[in-house]
Structures are given as C-alpha cells and as structure tokens.
Amino acid sequence: MNSLLDPRITAEMAVLQREAARDSERWQARKASQQEAASSLSPNSDSIADPLIRMGEFYLGVSSQEGKLLYNLARSKRARCIVEFGASYGISTLYLGAAARDSGGRLITTEVHPEKCHATRELIIRSGLDEQVTLFEGDALVTLKSVDEQVDLLFLDGWKGLYLPMLELMLPKLSEGALVAADNVDHTAAAPYVAAIQADSRFVTSIVGDMALSCFAG
Ligand SMILES: C[S@@+](CC[C@H](N)C(=O)[O-])C[C@H]1O[C@@H](n2cnc3c(N)ncnc32)[C@H](O)[C@@H]1O
C-alpha cells in the first residue's frame, strides 16, 4: 500500500507544493531584506529568524525530497505513533499521515497559528486522512503534554529555539529505537538542540543535509 498514490493526497499535494513554491520566492525576498537589517543588530541576534517566521504567513514546508524521506523513515520503521511539531499548511503532514495510514498507525500534528490550523484541519479531511491524523491546536509545548502513548517517530519542524524543550518534553514518551528527525538544524537557533542531542549517549545522531536524525537507542 502506498497512500502517496492516493488521488486525494496527490491532488492536495500538487496544490500545496505549487502555493509553497510561490510563497518561497516571497519568503526569500523578505528574508534577504530582514537579514540585511539584522546584520546591524547586536551579535546576540541569533534568534532573528524566529521573529520572522513567527509572522506565520509563510508555508515554510518541506521539499518533496524531504517529504519522501519522512514517509520512508516512518513507513520502513512501521511507526505506530508519529508526532509532528509544526504542521504549517500541512505538506509534511500529508507525507507523515500517508505513512501512518500505510503502517496502521496514527499521526498527532501540532500548529499554533489559527489560520494554519483551520487550513490544515480542512486539508486532513479533504485528503481522507482524518482517521489517522489528529491536529492539536495551540502551543505544542502545552498540547503535547497530553500524549500518553509511546512515540516511535518525532518530527521537529516548529520554531528552532523550541527543539530542545520539545525534546525534553517528549523524551519520556519515546519508545526504544524511536527516531527523532529535526529539520533545519543549520539555523543558529537550533544549535543548543544539536549540541545536546549529540552529547547525549542515549542517542545516535547523524546530520544529513540540514536534518538531524537521532535514534533513541536507550
Ligand atoms: C517550518 S513551519 C512547518 C512546516 C511544515 N512542517 C511543512 O513541512 O509543511 C513551522 C510551523 O511551526 C509552527 N509552530 C511554531 N512554534 C509552535 C509551537 N510552539 N506550537 C505549535 N506550532 C508551532 C509555526 O506556526 C509554523 O507554521
């Protein structure tokens, strides 16, 4: 079974990727001008990307290569419980939701931006993934406290400065052999996360491109 070939999912994916590509040009233009302004700020302006992203209007979605990687990781692991930090408009949610369906598992995704929550909720229904995917609306550091099952795959793609507190929150819920995939770890704000997980002997971490893949070896 390959739900990525489900016509409802491929149709939604095509629309999202088209809109995200258009959005990406807008994002690059905005980022360049903001970074120029930011370069005159104090050296302690590591988190300049965060206020930018916090504006919340951008897709900032995974590429189709990254999306397929997420599907492959979740599916080949037969992940029963997947948790996603940061759904945005749901591109990665579709890949992980498809893997959850094909593995007989479920995906809990999270989003704090109200408009994105509304759009992602509708997307989940239109793509026929509503039995497998649940959206927790609000700050994931709060909403994910209620997860009471073992998590086999945790995907981190929200604000980079929250990766470490998110790992600390989810650590007791990780199953043995769980995979933690963190995107965009080249962002300065993700540095404390990268340092902590690489120094933690319970994890085996490899960084592939801008994604950190860590197995919770226990
Ligand atoms: C990079 S985007 C996610 C892209 C998405 N994973 C995809 O591939 O389509 C990051 C998202 O995380 C959300 N986010 C950031 N901090 C959050 C938090 N504390 N709780 C829930 N969502 C959060 C933002 O609103 C934003 O939409």
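**Figure 1. Asn-184 counts as partly exposed, with 19 C-beta neighbours inside 10 Å.** This is a predicted model. Asn-184 sits in the loop between β5 and α8 (191-199). Its phi is positive, near 60 degrees, and the residue is not a glycine. A residue needs 20 or more such neighbours to be buried, so Asn-184, with 19, is classed as partly exposed.

**Figure 2. Ser-88 also takes a positive phi, of about 50 degrees, without being a glycine.** The residue belongs to the loop between β1 and α4. Is Ser-88 buried or exposed? Ser-88 is buried, because 24 other C-beta atoms lie within 10 Å and the cut-off is 20 or more.

**Figure 3. The whole chain carries eight helices and seven strands.** The chain has 218 residues, and 43% of them are buried. Consider the contacts with a separation of 6 or more: 73% of them join residues 24 or more positions apart.

**Figure 4. Seven strands form an open sheet with mixed pairing.** The strand order is β3-β2-β1-β4-β5-β7-β6. Which strands lie at the edges? They are β3 (133-137) and β6 (203-208), and each pairs on one side only. From one strand to the next, the twist averages 15 degrees. As a general point, strands of a sheet pair through backbone hydrogen bonds, either parallel or antiparallel.

**Figure 5. Strand β1 (residues 81-85) runs parallel to strand β4 (residues 151-156).** Four bridges join β1 and β4. Glu-84 has Phe-155 as its bridge partner in β4. β1 also pairs with β2, again in the parallel sense, over five bridges. In that pairing, Cys-81 stands opposite Arg-106 of β2. β1 is mostly covered, with five of its five residues buried. Cys-81, Val-83 and Phe-85 point one way from the strand. Ile-82 and Glu-84 point the other way.

**Figure 6. Helix α7 (residues 163-170) lies across β1, β4 and β5 (174-182).** How is α7 oriented to β4? The helix runs at about 170 degrees to β4.

**Figure 7. Strand β7 (residues 211-216) pairs with β5 in the antiparallel sense.** Four bridges link β5 and β7. Ala-181 has Leu-213 as its bridge partner in β7. β7 also runs antiparallel to β6, with six bridges joining them. There, Phe-203 stands opposite Phe-216 of β7. The hairpin of β6 and β7 has two residues between the strands. In this hairpin Gly-209 takes a positive phi, near 65 degrees.

**Figure 8. The largest nonpolar core has 62 residues.** Which members touch the most others? They are Ala-74, Leu-153, Leu-154 and Ala-182. Helix α4 (residues 91-102) gives the largest share of this core, seven residues. In general, nonpolar side chains tend to be buried together in soluble globular proteins.

**Figure 9. A close-up of Ala-182 shows its contacts beyond four places in sequence.** Ala-182 touches Leu-156, Tyr-163 and Ala-190. Its other partners in this view are Tyr-193, Met-211 and Ala-212.

**Figure 10. The shell around the ligand holds 21 residues.** Gly-61, Gly-86, Ile-91, Ser-92 and Gly-158 come nearest to the ligand. Which elements each supply at least two residues of the shell? They are α4, β2 (106-111) and α6 (140-143). What is the make-up of the shell? Nine residues are nonpolar, eight are polar and four are charged.

**Figure 11. Asp-23 lies in helix α1 (residues 7-38).** Asp-23 is partly exposed, because 17 other C-beta atoms lie within 10 Å, and a residue in this class has more than 12 but fewer than 20. Leaving aside neighbours within four places in sequence, Asp-23 is in contact with Phe-58 and Tyr-59. Asp-23 and Gly-61 are 38 residues apart in sequence. In space, the pair is 9.8 Å apart, C-alpha to C-alpha. Gly-61 is also one of the residues that come nearest to the ligand.

Technical notes: Residues are numbered from 1 along each chain as its sequence is written. This is a predicted model: local features need pLDDT of at least 70, side-chain atom pairs count only at pLDDT 80 or more; totals for chains, interfaces and linings use all residues. A nonpolar core is a set of buried Ala, Val, Leu, Ile, Met, Phe, Trp, Tyr and Cys residues joined through C-beta atoms within 7 Å. Two residues are in contact if their C-beta atoms, placed from the backbone, lie within 7 Å. A residue is near a molecule or strand if its C-beta atom, placed from the backbone, lies within 6 Å of it. Ala, Val, Leu, Ile, Met, Phe, Trp, Tyr, Cys and Pro count as nonpolar, Asp, Glu, Lys and Arg as charged, and the others, Gly among them, as polar. Two strands pair if DSSP finds at least two bridges between them. Axes are lines fitted to C-alpha atoms, for helices over the stretch in contact, and angles run from 0 to 180 degrees between N-to-C directions.
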